[in-house]
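Q: Could you take me on a close look at one part of this protein, namely how its helices pack against each other? I'm new to this, so please keep it relaxed.

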Amino acid sequence: MIRLGPAGVSGMGYEAGLNEIARLGLNALELSFTYGVRMPNEQAKEVGKQAKKLGIALSIHGPYYINLASLEKEKITASIKRILDSCERAHHMGAKYVVYHSGFFQKQDPKKVAEIIQEQTGFIMDKIKENGWKTTIAPELTGKPSQFGSIPELMELRKQTGCHITIDFAHQLARNQGKIDYEEIFTEIRSMNHIHAHFSGIVWGPKGERHHKITEKKDILPLAKEILKRKADITIINESPSPLKDSVKTKKVIDSLSS
Ligand SMILES: [Zn+2]
(Lines give C-alpha, C1' and ligand atoms only; values in the text may rest on other atoms or scores of the structure.)
Protein backbone atom coordinates (compact mmCIF):
# COMPACT_ATOMS: atom_id res chain seq x y z
CA MET A 1 0.00 0.00 0.00
CA ILE A 2 1.12 3.56 -0.70
CA ARG A 3 0.32 6.10 1.98
CA LEU A 4 0.83 9.84 1.49
CA GLY A 5 0.52 12.80 3.79
CA PRO A 6 2.08 15.92 5.24
CA ALA A 7 4.53 16.68 8.01
CA GLY A 8 2.44 18.68 10.44
CA VAL A 9 -0.99 20.24 9.96
CA SER A 10 0.21 23.67 8.74
CA GLY A 11 -1.13 25.50 11.79
CA MET A 12 -4.70 24.19 11.38
CA GLY A 13 -4.87 22.32 14.65
CA TYR A 14 -5.05 18.54 14.66
CA GLU A 15 -8.83 18.15 14.38
CA ALA A 16 -9.20 20.40 11.33
CA GLY A 17 -5.88 19.16 9.93
CA LEU A 18 -6.89 15.51 10.02
CA ASN A 19 -10.24 16.31 8.37
CA GLU A 20 -8.44 18.24 5.64
CA ILE A 21 -5.99 15.37 5.04
CA ALA A 22 -8.91 12.97 4.59
CA ARG A 23 -10.82 15.42 2.39
CA LEU A 24 -7.82 15.65 0.05
CA GLY A 25 -7.71 11.87 -0.32
CA LEU A 26 -4.50 11.51 1.71
CA ASN A 27 -3.95 8.92 4.43
CA ALA A 28 -0.89 9.73 6.54
CA LEU A 29 0.27 12.42 8.96
CA GLU A 30 3.57 12.91 10.73
CA LEU A 31 3.09 15.12 13.77
CA SER A 32 5.98 17.53 14.31
CA PHE A 33 7.20 17.75 17.89
CA THR A 34 9.97 19.96 16.55
CA TYR A 35 10.51 22.20 19.56
CA GLY A 36 9.58 19.80 22.33
CA VAL A 37 7.01 17.24 23.45
CA ARG A 38 4.17 19.32 24.86
CA MET A 39 1.13 17.23 23.95
CA PRO A 40 -0.61 15.60 26.94
CA ASN A 41 -1.33 11.86 26.65
CA GLU A 42 -5.08 12.60 26.73
CA GLN A 43 -4.81 14.74 23.60
CA ALA A 44 -2.66 12.08 21.96
CA LYS A 45 -5.49 9.61 22.51
CA GLU A 46 -8.04 12.00 20.95
CA VAL A 47 -5.84 12.60 17.88
CA GLY A 48 -5.36 8.85 17.56
CA LYS A 49 -9.09 8.15 17.72
CA GLN A 50 -9.92 10.67 15.01
CA ALA A 51 -7.09 9.48 12.76
CA LYS A 52 -8.23 5.89 13.11
CA LYS A 53 -11.78 6.83 12.15
CA LEU A 54 -10.48 8.63 9.05
CA GLY A 55 -8.04 5.85 8.08
CA ILE A 56 -4.99 8.07 8.53
CA ALA A 57 -1.72 6.44 9.66
CA LEU A 58 0.21 8.50 12.20
CA SER A 59 3.89 8.94 12.95
CA ILE A 60 5.75 11.47 15.06
CA HIS A 61 8.82 13.54 14.25
CA GLY A 62 10.68 13.99 17.52
CA PRO A 63 12.36 17.24 18.61
CA TYR A 64 15.30 18.61 16.60
CA TYR A 65 17.57 18.94 19.61
CA ILE A 66 18.72 15.37 19.71
CA ASN A 67 22.30 14.13 19.75
CA LEU A 68 22.78 10.60 21.02
CA ALA A 69 26.55 10.89 20.49
CA SER A 70 27.08 14.25 22.20
CA LEU A 71 30.37 14.83 24.00
CA GLU A 72 28.30 16.05 26.95
CA LYS A 73 26.59 13.27 28.90
CA GLU A 74 23.66 15.43 30.01
CA LYS A 75 22.84 16.18 26.36
CA ILE A 76 22.62 12.46 25.63
CA THR A 77 20.33 11.99 28.64
CA ALA A 78 18.11 14.90 27.51
CA SER A 79 18.01 13.48 23.96
CA ILE A 80 16.89 10.08 25.21
CA LYS A 81 14.18 11.71 27.31
CA ARG A 82 12.85 13.64 24.28
CA ILE A 83 12.72 10.44 22.24
CA LEU A 84 11.03 8.44 25.00
CA ASP A 85 8.49 11.23 25.65
CA SER A 86 7.66 11.12 21.93
CA CYS A 87 7.32 7.32 22.09
CA GLU A 88 4.88 7.58 25.00
CA ARG A 89 2.66 9.95 22.97
CA ALA A 90 3.05 7.68 19.93
CA HIS A 91 1.80 4.74 21.99
CA HIS A 92 -1.28 6.67 23.15
CA MET A 93 -2.19 7.88 19.66
CA GLY A 94 -1.37 4.63 17.88
CA ALA A 95 1.49 6.16 15.88
CA LYS A 96 3.73 3.46 14.50
CA TYR A 97 7.02 5.34 14.20
CA VAL A 98 8.97 7.99 16.06
CA VAL A 99 11.36 9.66 13.64
CA TYR A 100 14.46 11.64 14.67
CA HIS A 101 18.02 12.47 13.65
CA SER A 102 20.38 10.36 15.78
CA GLY A 103 23.33 12.69 16.15
CA PHE A 104 26.45 14.39 14.90
CA PHE A 105 29.98 13.14 14.40
CA GLN A 106 31.51 16.39 15.68
CA LYS A 107 35.21 15.59 15.68
CA GLN A 108 34.87 12.04 16.92
CA ASP A 109 35.87 8.84 15.15
CA PRO A 110 32.86 7.79 13.00
CA LYS A 111 33.18 4.18 14.21
CA LYS A 112 33.08 5.31 17.82
CA VAL A 113 30.03 7.48 17.11
CA ALA A 114 28.26 4.54 15.45
CA GLU A 115 28.99 2.44 18.56
CA ILE A 116 27.66 5.08 20.97
CA ILE A 117 24.51 5.56 18.88
CA GLN A 118 24.02 1.82 18.69
CA GLU A 119 24.27 1.55 22.46
CA GLN A 120 21.81 4.41 23.10
CA THR A 121 19.40 3.13 20.43
CA GLY A 122 19.45 -0.30 22.06
CA PHE A 123 18.73 1.33 25.42
CA ILE A 124 15.72 3.19 23.95
CA MET A 125 14.42 -0.03 22.33
CA ASP A 126 14.64 -1.77 25.74
CA LYS A 127 12.70 1.08 27.41
CA ILE A 128 9.94 0.87 24.79
CA LYS A 129 9.65 -2.84 25.48
CA GLU A 130 9.72 -2.39 29.28
CA ASN A 131 6.91 0.16 29.08
CA GLY A 132 4.87 -2.03 26.74
CA TRP A 133 4.53 0.84 24.26
CA LYS A 134 3.18 -0.21 20.88
CA THR A 135 5.44 1.94 18.75
CA THR A 136 8.98 1.89 17.47
CA ILE A 137 11.76 4.31 16.72
CA ALA A 138 12.80 5.08 13.15
CA PRO A 139 16.02 7.13 13.02
CA GLU A 140 16.21 9.11 9.81
CA LEU A 141 18.47 9.22 6.78
CA THR A 142 20.00 12.66 7.37
CA GLY A 143 20.82 15.43 4.90
CA LYS A 144 24.43 16.13 5.83
CA PRO A 145 27.49 13.90 5.88
CA SER A 146 28.41 15.55 9.23
CA GLN A 147 25.38 13.82 10.75
CA PHE A 148 25.12 10.11 11.53
CA GLY A 149 22.51 8.56 9.25
CA SER A 150 23.64 7.31 5.84
CA ILE A 151 21.76 4.29 4.49
CA PRO A 152 24.56 1.82 5.36
CA GLU A 153 24.88 3.34 8.85
CA LEU A 154 21.15 3.02 9.43
CA MET A 155 20.90 -0.51 8.04
CA GLU A 156 23.66 -1.60 10.41
CA LEU A 157 21.91 0.14 13.32
CA ARG A 158 18.69 -1.64 12.41
CA LYS A 159 20.48 -4.98 12.25
CA GLN A 160 22.10 -4.47 15.66
CA THR A 161 19.13 -3.04 17.58
CA GLY A 162 15.96 -4.07 15.74
CA CYS A 163 14.87 -0.45 15.30
CA HIS A 164 13.06 0.71 12.16
CA ILE A 165 14.51 3.47 9.94
CA THR A 166 13.18 6.43 7.95
CA ILE A 167 14.38 6.92 4.39
CA ASP A 168 14.39 10.60 3.44
CA PHE A 169 15.00 10.57 -0.31
CA ALA A 170 15.45 14.36 -0.38
CA HIS A 171 18.21 14.05 2.21
CA GLN A 172 19.90 11.41 0.07
CA LEU A 173 19.82 13.89 -2.84
CA ALA A 174 21.32 16.61 -0.64
CA ARG A 175 24.10 14.32 0.65
CA ASN A 176 25.08 13.45 -2.91
CA GLN A 177 24.75 16.86 -4.51
CA GLY A 178 21.65 15.94 -6.47
CA LYS A 179 22.60 12.43 -7.49
CA ILE A 180 20.24 9.62 -6.58
CA ASP A 181 19.82 6.05 -7.77
CA TYR A 182 16.40 4.82 -6.66
CA GLU A 183 16.96 1.32 -7.91
CA GLU A 184 20.11 1.03 -5.80
CA ILE A 185 18.42 2.44 -2.69
CA PHE A 186 15.41 0.11 -2.94
CA THR A 187 17.80 -2.81 -3.35
CA GLU A 188 19.79 -1.74 -0.28
CA ILE A 189 16.64 -1.56 1.86
CA ARG A 190 14.82 -4.54 0.38
CA SER A 191 14.76 -6.42 3.72
CA MET A 192 12.27 -3.88 5.07
CA ASN A 193 8.63 -4.94 4.89
CA HIS A 194 7.36 -1.40 5.14
CA ILE A 195 9.28 1.70 4.09
CA HIS A 196 8.68 4.82 6.14
CA ALA A 197 9.87 7.66 3.93
CA HIS A 198 10.13 11.42 3.52
CA PHE A 199 10.23 13.20 0.19
CA SER A 200 10.04 16.84 -0.82
CA GLY A 201 11.96 19.42 -2.81
CA ILE A 202 15.32 20.31 -1.29
CA VAL A 203 18.09 22.89 -1.63
CA TRP A 204 21.62 21.74 -0.92
CA GLY A 205 25.15 23.11 -0.78
CA PRO A 206 28.64 21.61 -0.50
CA LYS A 207 27.85 20.48 3.08
CA GLY A 208 24.55 18.87 2.15
CA GLU A 209 21.02 19.91 3.11
CA ARG A 210 20.16 23.61 3.32
CA HIS A 211 16.36 23.63 3.44
CA HIS A 212 13.26 22.03 1.96
CA LYS A 213 11.41 23.63 -0.95
CA ILE A 214 8.32 22.98 -3.06
CA THR A 215 8.31 19.50 -4.56
CA GLU A 216 8.45 19.40 -8.34
CA LYS A 217 6.75 16.84 -10.53
CA LYS A 218 9.99 16.02 -12.34
CA ASP A 219 11.58 15.09 -8.99
CA ILE A 220 8.63 12.93 -7.93
CA LEU A 221 8.50 10.95 -11.19
CA PRO A 222 11.61 8.73 -10.83
CA LEU A 223 10.71 7.85 -7.22
CA ALA A 224 7.10 7.10 -8.15
CA LYS A 225 8.21 4.83 -11.01
CA GLU A 226 10.48 2.80 -8.75
CA ILE A 227 7.76 2.44 -6.09
CA LEU A 228 5.27 1.15 -8.65
CA LYS A 229 7.81 -1.13 -10.31
CA ARG A 230 8.59 -2.74 -6.94
CA LYS A 231 4.99 -2.63 -5.66
CA ALA A 232 6.56 -1.14 -2.56
CA ASP A 233 4.65 -0.91 0.70
CA ILE A 234 5.54 2.66 1.59
CA THR A 235 4.47 5.78 3.48
CA ILE A 236 5.75 9.08 2.09
CA ILE A 237 5.62 12.14 4.30
CA ASN A 238 6.10 15.48 2.55
CA GLU A 239 8.13 18.10 4.45
CA SER A 240 8.04 20.97 1.93
CA PRO A 241 6.80 24.46 2.90
CA SER A 242 3.47 23.35 1.38
CA PRO A 243 3.24 19.73 2.53
CA LEU A 244 -0.48 19.19 1.93
CA LYS A 245 -0.48 20.50 -1.64
CA ASP A 246 2.74 18.63 -2.39
CA SER A 247 1.31 15.37 -1.03
CA VAL A 248 -1.65 15.80 -3.39
CA LYS A 249 0.82 16.50 -6.21
CA THR A 250 2.69 13.30 -5.36
CA LYS A 251 -0.58 11.38 -5.33
CA LYS A 252 -1.47 12.73 -8.77
CA VAL A 253 1.89 11.67 -10.20
CA ILE A 254 1.55 8.16 -8.77
CA ASP A 255 -2.09 7.87 -9.89
CA SER A 256 -1.23 9.02 -13.42
CA LEU A 257 1.49 6.38 -13.69
CA SER A 258 -0.65 3.56 -12.33
CA SER A 259 -3.76 4.19 -14.43
ZN1 LIG B 1 12.93 14.18 6.68
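A: Here is a walk through the helix packing, with a few stops at residues around it. Keep in mind that this is a predicted model.

Let's start just ahead of helix H1. The loop between strand E1 (2–6) and helix H1 (14–23) holds Ser 10. Ser 10 is not a glycine, yet its phi is positive, at about 50°. Is Ser 10 buried or exposed? Neither label quite fits: Ser 10 counts as partly exposed because it has 15 C-beta neighbours inside 10 Å, and a residue needs 20 or more to be buried, or 12 or fewer to be exposed.

Now for H1 itself. Its partner here is helix H2 (residues 41–54), and the two pack at an angle of about 15° with their axes 10 Å apart. Angles under 35 degrees count as roughly parallel, so H1 and H2 are roughly parallel to each other. Their crossing is right-handed. Which residues meet there? On the H1 side you'll find Tyr 14, Glu 15, Leu 18 and Ala 22, and on the H2 side Val 47, Gln 50, Ala 51 and Leu 54. Sorted by class, this contact of H1 with H2 has 6 nonpolar, 1 polar and 1 charged residues.

H2 has another partner, helix H3 (residues 73–93). The axes of H2 and H3 come within 7 Å and cross at roughly 45°. That angle makes H2 oblique to H3. The crossing of H2 past H3 is right-handed. From H2, the contact uses Asn 41, Ala 44, Lys 45, Val 47 and Gly 48, while H3 brings Glu 88, Arg 89, His 92 and Met 93. The class split for H2 with H3 is 3 nonpolar, 3 polar and 3 charged. Did you spot Val 47? It is listed in the contact with H1 and also in the one with H3.

Let's glance at the nonpolar core too. In soluble globular proteins, nonpolar side chains tend to be buried together. Here the largest nonpolar core has 63 residues, and Leu 29 and Val 98 touch the most other members. Leaving aside neighbours within four places in sequence, Val 98 is in contact with several residues, including Ile 83, Ser 86, Cys 87 and Ala 90.

Further along the chain, the loop between helix H6 (169–175) and helix H7 (182–188) contains Gln 177. Gln 177 has a positive phi, near 50°, without being a glycine. With 10 C-beta neighbours inside 10 Å, Gln 177 counts as exposed. In H7 sits Tyr 182, which counts as partly exposed because it has 17 C-beta neighbours inside 10 Å. Not counting residues up to four places away in sequence, Tyr 182 touches Pro 222, Leu 223 and Glu 226.

Last stop: helix H8 (residues 217–230) and helix H9 (residues 243–258). Their axes are 9 Å apart, and they pack at an angle of about 50°, so H8 and H9 are oblique to each other. H8 passes H9 in a right-handed crossing. In H8, Lys 217, Ile 220, Leu 221, Ala 224, Lys 225 and Leu 228 take part, meeting Lys 249, Thr 250, Val 253, Ile 254, Leu 257 and Ser 258 of H9. By class, that contact has 7 nonpolar, 2 polar and 3 charged residues.

How values were computed
Residues are numbered from 1 along each chain as its sequence is written. This is a predicted model: local features need pLDDT of at least 70, side-chain atom pairs count only at pLDDT 80 or more; totals for chains, interfaces and linings use all residues. Helices (H or I, at least four residues) and strands (E, at least two) are DSSP runs, numbered from the N terminus. A nonpolar core is a set of buried Ala, Val, Leu, Ile, Met, Phe, Trp, Tyr and Cys residues joined through C-beta atoms within 7 Å. Two residues are in contact if their C-beta atoms, placed from the backbone, lie within 7 Å. Axes are lines fitted to C-alpha atoms, for helices over the stretch in contact, and angles run from 0 to 180 degrees between N-to-C directions. Angles under 35 degrees count as roughly parallel, over 145 as roughly antiparallel, 65 to 115 as roughly perpendicular and the rest as oblique. A crossing is left-handed if the near helix is turned anticlockwise from the far one by less than a right angle, and right-handed if clockwise. Ala, Val, Leu, Ile, Met, Phe, Trp, Tyr, Cys and Pro count as nonpolar, Asp, Glu, Lys and Arg as charged, and the others, Gly among them, as polar.
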